[in-house]
Amino acid sequence: MKKSILALSLLASFALAAEINIYSARHYDADTQLYKLFEAKTGIKVNATQAKGGELIKKLEVEGDSSVADLFITADAGNFYTAKKKGVLQSVKSQTLEKIVPAQYRDAEGYWFAISKRARIIAYDKRNFDPSIIKNYQDLTKPELKGKLLIRSATAGYNTSLLASIIESEGVDAASKWAKGTLANLARDPKGGDRDQAKAIFAGEGQVAVMNTYYIGLMLNSPKPEDVEVAKILGVIFPNQDNRGTHVNISGIALTKASKNKENAIKFMEFMVSPEAQKILAGINYEYPVNTAVEPSDTIKAFGKFKEDSTPLYKSVEKISEAVKIFDMAGWK
Ligand SMILES: [Fe+2]
């Protein structure tokens with residue numbers, strides 16, 4: 001008898017212990033700090049599983065309704081487009097999220113919301129490159145840049161989402177011209193992440209690279225002196241300032257279809273866009289806050305103000321599959 005009472009009270013305490021389970025593809029110190037802060041503020045325990053965005057989407061698909069995941073966090077709007085299409089997310093109605101996250105940076109039906117932004121800029125070697133020849137993404141195809149351009153693989157979401165935005169704003173022909181022209185100007189076959197392109201500029205392998213802003217921020221503030229040295233020689237060009245604006249991608253959050261702790265999960269989503277959380281994202285990870293009440297870090301502010309692409313991100317990601325095809329046809333790896 002005693003034993004069964006003990007078992008019952010144990011069960012009750014499990015039921016009462018509020019927790020949420022997050023599948024996250026983000027790999028930053030800022031996130032661990034945010035989980036802890038949320039736990040301290042709410043008493044809701046955060047369990048996080050980490051893997052790549054694509055792997056987590058597959059995991060959610062395979063697990064179906066039995067998945068323990070409540071939330072899916074990843075970088076790149078393209079991942080959210082895929083996850084929504086695969087049916088592993090559910091729509092969220094939240095006045096807080098709708099008020100804070102600008103409409104262009106969230107799904108029109110509430111399936112995902114941005115928590116931070118990063119601009120896909122063009123970095124150049126300040127030691128020896130004249131930036132005046134690059135005003136738009138399309139200028140990367142100029143013959144003057146032959147053998148000088150560095151960019152990571154076309155399979156990287158950051159590049160497919162950029163190309164999707166070119167399709168959305170300039171059309172298929174312009175996008176395919178861009179894919180072919182940039183490929184023709186590469187200093188080497190696409191490899192490594194964005195930071196590796198910066199290192200290659202430093203080493204003199206090329207002079208111009210396509211990069212996300214926060215990687216430069218991270219390098220400038222890195223505990224490794226060699227990273228700081230690399231980042232210091234980089235100049236930043238915000239493309240398309242006289243027309244559609246620079247392509248901005250996001251990190252975001254979504255409620256999973258299988259979520260069993262919906263209320264607390266939505267609490268976490270709202271927490272992530274609160275000024276307190278946004279300050280951490282902006283301060284440690286050098287991302288642009290999605291909450292306009294919060295300023296970017298000084299490092300990022302020093303790059304200057306710029307015009308963001310006015311095309312809603314949820315619209316341009318619909319061109320993702322077309323972008324993949326265009327990269328394939330151009331022979332990008
Ligand atoms: Fe990244």
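Which helix gives the most to the lining of the largest pocket? The exercises below work through this and related points in a predicted model.

**Exercise 1. Describe the largest pocket and the parts of the chain that line it.**

Step 1. Begin with the extent of the space: the largest pocket has a volume of about 780 Å³.

Step 2. Turn next to the residues around it, of which there are 35, with G53, G54, D76, N79 and G157 lying nearest the centre of the pocket.

Step 3. Assign the lining to elements: those that give two or more residues are α3 (53-63), β3 (71-75), α4 (77-85), α6 (157-170), α8 (194-202), α9 and α15 (320-330). The opening question can now be answered, for α3 gives the most to this lining, with five residues.

Step 4. Sort the lining by class, which yields 12 nonpolar, 14 polar and nine charged residues.

Step 5. Finally, consider the domains: the lining of the largest pocket takes at least three residues from domain 1 (2-117 + 250-296) and at least three from domain 2 (118-247 + 313-330).

**Exercise 2. Find the protein donors of the iron ion and describe how they are spaced in sequence.**

Step 1. Look for the protein atoms that serve as donors, and you will find the OH atoms of Y158, Y214 and Y215, which lie 1.8 to 2.2 Å from the iron ion.

Step 2. Place these donor residues along the chain, where their spacing is Y-x55-Y-Y.

**Exercise 3. Decide whether Y214 and Y215 are buried or exposed, and extend the answer to helix α9.**

Step 1. Apply the cut-off, by which a residue is buried when its relative accessible area is under 20%.

Step 2. Y214 has a relative accessible area of 0%, so it is buried. Y215 has a value of 5%, and therefore it is buried too.

Step 3. Widen the view to α9 (residues 213-220), in which T213, Y214, Y215, I216, G217, L218 and M219 are buried. Because seven of the eight residues of this helix are buried, α9 is largely enclosed by the rest of the structure.

**Exercise 4. Describe the second largest pocket in the same manner.**

Step 1. The volume of the second largest pocket is about 400 Å³.

Step 2. Its lining consists of 17 residues, and K117, Y288, P296, K305 and E308 are the closest to its centre.

Step 3. Two or more residues of this lining come from each of β10 (288-289) and α13 (298-301).

Step 4. By class, the lining of the second largest pocket divides into nine nonpolar, three polar and five charged residues.

Technical notes: Residues numbered from 1 in each chain as written. Predicted model: local features only at pLDDT ≥ 70, side-chain atom pairs only at ≥ 80, totals over all residues. Heavy atoms only, no water. Donors = N, O, S within 2.8 Å, 3.2 Å for Na, K, Ca; no water. Buried < 20%, exposed > 50% of the residue type's maximum accessible area, 1.4 Å probe, protein only. Helix = DSSP H or I, 4+ residues; strand = E, 2+ residues; numbered from the N terminus. 1 Å grid on protein atoms, 1.4 Å probe; cavity = no way out; pocket = protein on both sides within 12 Å on 5 of 7 lines; lining within 4 Å. Points joined across faces, edges and corners; volume = space filled by probe spheres on them. Nonpolar A, V, L, I, M, F, W, Y, C, P; charged D, E, K, R; others polar. Domains from an automatic or database assignment.
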